[in-house]
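Biologist: Before we accept any descriptive term, I should like to hear the grounds for it. May I put my questions to you in turn?

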Amino acid sequence: MRLSAIMVLCCCCIGSLTAQVKFTTLVNETTIGKNEYVQVQYVIENANAIRDLTPPVFKGFNIVAGPIQQTGMSTINGSLTRYEGIAYTLRPLSVGKHIISGATAIIDNKPMRSNYITVNVINASTNNQPPNGFFEPDEQPALPQMNEDYILKPGENAVQKIKNNLFVKLEVNKTNCYEGQPIIATYKLYSRLKSESRVVRRPSLDGFSVYDMVQPDNYSPAIERLNGKPFNVHIIRKVQLYPLQAGTYVLDPVEVANKVSFVKANASNNSMQGLLDSYMDGEIETHEVTLSALPVSITVKPLPLPAKPANYDGAVGAFTISAAVNTLSLAVGETGQLKITINGEGNLPLINAPAINWPKEVEGYEANIKEDIDKTIAPIKGSKLFEYGFTAQKEGVIHIPPVWFSYFDVTANSYRQLKTDSFTVTITKAINKQQAAPTAGAKKSTVYTPWLIALLVIVGGIVLLWLIKKTGRNKPQPLSEKSIAIEVPQPQKDIFAEARKALHANNSNLFYKETGIALWNLFAKKLILTGSTLNKQQVIDKLQQKGFTATQLLLVENCLKECEVALYTPAQNTHKMTDLLAQAEMVAQALEKK
């Protein structure tokens, strides 16, 4: 079966400056259940001639659908990208890790092979449904409805079309809460248009402890329906907020700058071919608009004063507490250890070390704190360990009393008090570390002491004579032409080393962060810019003075912009990261030569 469609990508990030041929294997899921499906696509981009596109043998899978031939195009910054490929729906035959090999093809008269991908098949279900875009062989494929609104029809108002099809929302799970009770805030970009988007103003979240729940490189866009229409939804930021004190707070909106492009439909030819002709003829209309969500007010209630325990220190949630000592017998001067563990869910990171009422004969030390928590769920769940060292200075028996801990239970709307077990530790006599004085051995040592001294004197004299002779031979000599040392240049430090590590680890968020840091550090050092002078405009001006060409300046702007944008957009693919690293290295090399 053959599927041929014209696809325009939504919310594209800035791509490479030059179109490169790419041959890529893509899957929709890398972990699936044994009764689920995986979508495999072999995609070739920007090729002039393709022949002999051959899929591999799918070992460990049955082919459910395919091959489905795909052709299409996308645009980024007005630059057209063509792609062709084939796709399959596969069902696994057994659990375990299966390798999906790359396809082969002759592309522009060169043999090429795409990358391989490992798919982990597990017994449990992942709720992975048969992937979108695939259908049983007898089904008739429906044209996608997601991107219809990138077409500007005759008589349509572009501004109104943008307003209806591109917007930012701030969603919260509640607007009233207690101090210390978490609120989930999600900043989303909804789009049915072809748009390049970047965050220009980040929200201020004063009055809260903020914990990010979603990292951009771990999130893929979703599709949500609003008023019956499907939208591409990108999470800009998702956080859980723990209010620090009572009051009314306004969650500031995020601001997103967008460049929206429309294909202008020809009134005389509204067919698909007519739209393609309009597109190829450059009949594109662009608009720039900055969007922001409406601010949201949060009312934070104070915790109830009646019945508040005297030892209450701000914990809100549901917790348990336990204690242990590393020994019940301790010598005077030795250090013992008391461990307090708090488990549960709530504002765990904000819980302080519980107070210990040490006996007067015991010296207690400040707690060492360790956390094992999951901040991706709300409330935060996990455990917090407090390790207290202690010593005693005299023999006897000491009693470590129970440790009290209280928290506010929002569900029950009341305070809870917990306590640990008490411990009795026996303090024994200090260990004598001094060794008994030698007797016979000392006498024997005394007999041989004069001989040892004589031997040391002889050896010392020999060494002294050798040093005198060596000094005489090593008198300063005039330097000859041949004796002048040549300084070997040291290898240059790789300023993109951390970015390269992140690329190899396929950590896109860290990659863009480290690439941006490396570039800004390079500009600060080479252009002598600091503080407020270290900004994009100053960098461009300085590079222009150093003789950078217009193309090189465009390369610099592209690198900086892509590093900034990618931190707030969904995960990037390896090809885009590799291209950016190559461009950044070109910028660095050009600056080194100036």
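Modeller: Let us begin with C177, which has a relative accessibility of 1% and therefore counts as buried, the cut-off being under 20%. Please bear in mind throughout that this is a predicted model.

Biologist: How do you know that C563 is in no disulfide?

Modeller: The cysteine sulfur nearest to that of C563 belongs to C559 and is 6.7 Å away. A disulfide requires two cysteine sulfur atoms within 2.5 Å, so C563 does not qualify. By this rule the count comes to zero disulfides.

Biologist: Is C563 called buried or exposed, and why?

Modeller: C563 is called buried because its relative accessible area is 5%, and the term applies under 20%. Of the 594 residues in the protein chain, 40% are buried.

Biologist: What makes E255 partly exposed?

Modeller: The relative accessible area of E255 is 26%. Buried ends at 20% and exposed means over 50%, so E255 falls in between. D108 receives the term partly exposed on the ground of a relative accessible area of 26%.

Biologist: Where does E255 lie, and which residues is E255 in contact with beyond its neighbours within four places in sequence?

Modeller: E255 belongs to strand 20, residues 255–264. Beyond those neighbours, its contacts are R198, V199, V200, R201, T290, L291 and S292; each has heavy atoms within 4.5 Å of E255, and is therefore called a contact. The C-alpha atoms of E255 and S292 are 4.6 Å apart, although 37 residues separate the two in sequence. For the protein chain, 75% of the contacts between residues at least 6 apart in sequence join residues at least 24 apart.

Biologist: Let us turn to the sheets. Why are strand 13 and strand 19 said to stand at the edges?

Modeller: The open sheet has three strands in the order 13-22-19, with mixed pairing. Strand 13 (176–178) and strand 19 (247–251) each have a single partner strand, so one side of each is without a neighbour in the sheet. From one strand to the next, the twist averages 30°.

Biologist: How do you know that strand 13 and strand 22 pair?

Modeller: Three bridges join strand 13 to strand 22, residues 296–301, and the two run parallel. At least two bridges are required, so the three found here satisfy the rule. In one of the partnerships, Y178 is matched with K301 of strand 22.

Biologist: What makes strand 2 and strand 7 edge strands?

Modeller: Three strands in the order 2-10-7 form an open sheet with mixed pairing. Strand 2 (31–33) and strand 7 (96–100) each pair on one side only. The strand-to-strand twist averages 30° here. Strand 2 pairs with strand 10, residues 117–122, in the parallel sense over three bridges, and T31 stands opposite N120 of strand 10.

Biologist: Why are the buried residues of helix 1 said to lie on the same side?

Modeller: The buried residues of helix 1, residues 158–165, are A158, K161, I162 and N165. They cover an arc of only 100° around the axis, and therefore they lie on the same side of helix 1. Residues three or four places apart in an α-helix point the same way, because there are 3.6 residues a turn. V159 and K163 are exposed on the other side of helix 1. The buried residues pack against several strands, including strand 12 (166–172), strand 18 (229–243) and strand 20.

Biologist: What makes the buried residues of helix 6 a single-sided group?

Modeller: In helix 6, residues 536–545, the buried residues are V539, I540 and L543. Their arc around the axis is only 95°, so they sit on the same side of helix 6. The face turned away from them carries the exposed residues Q537, Q544 and Q545. Just after helix 6, G547 has a positive phi of about 95°.

Biologist: Which residues have a positive phi although they are not glycines?

Modeller: Among them are D52, with a phi of about 55°, and D108, with a phi of about 50°. D52 is placed in strand 4, residues 50–54, whereas D108 is in the loop between strand 8 (104–107) and strand 9 (110–113).

Biologist: What is the omega of the peptide bond from A378 to P379, and what is that bond called?

Modeller: The omega is near -5°, and the bond is cis. P379 lies in the loop between strand 27 (368–374) and strand 28 (381–392).

Notes: Residues numbered from 1 in each chain as written. Predicted model: local features only at pLDDT ≥ 70, side-chain atom pairs only at ≥ 80, totals over all residues. Heavy atoms only, no water. Buried < 20%, exposed > 50% of the residue type's maximum accessible area, 1.4 Å probe, protein only. Axes fitted to C-alpha atoms, helices over the stretch in contact; angles between N-to-C directions. Arc of directions from axis to C-beta.
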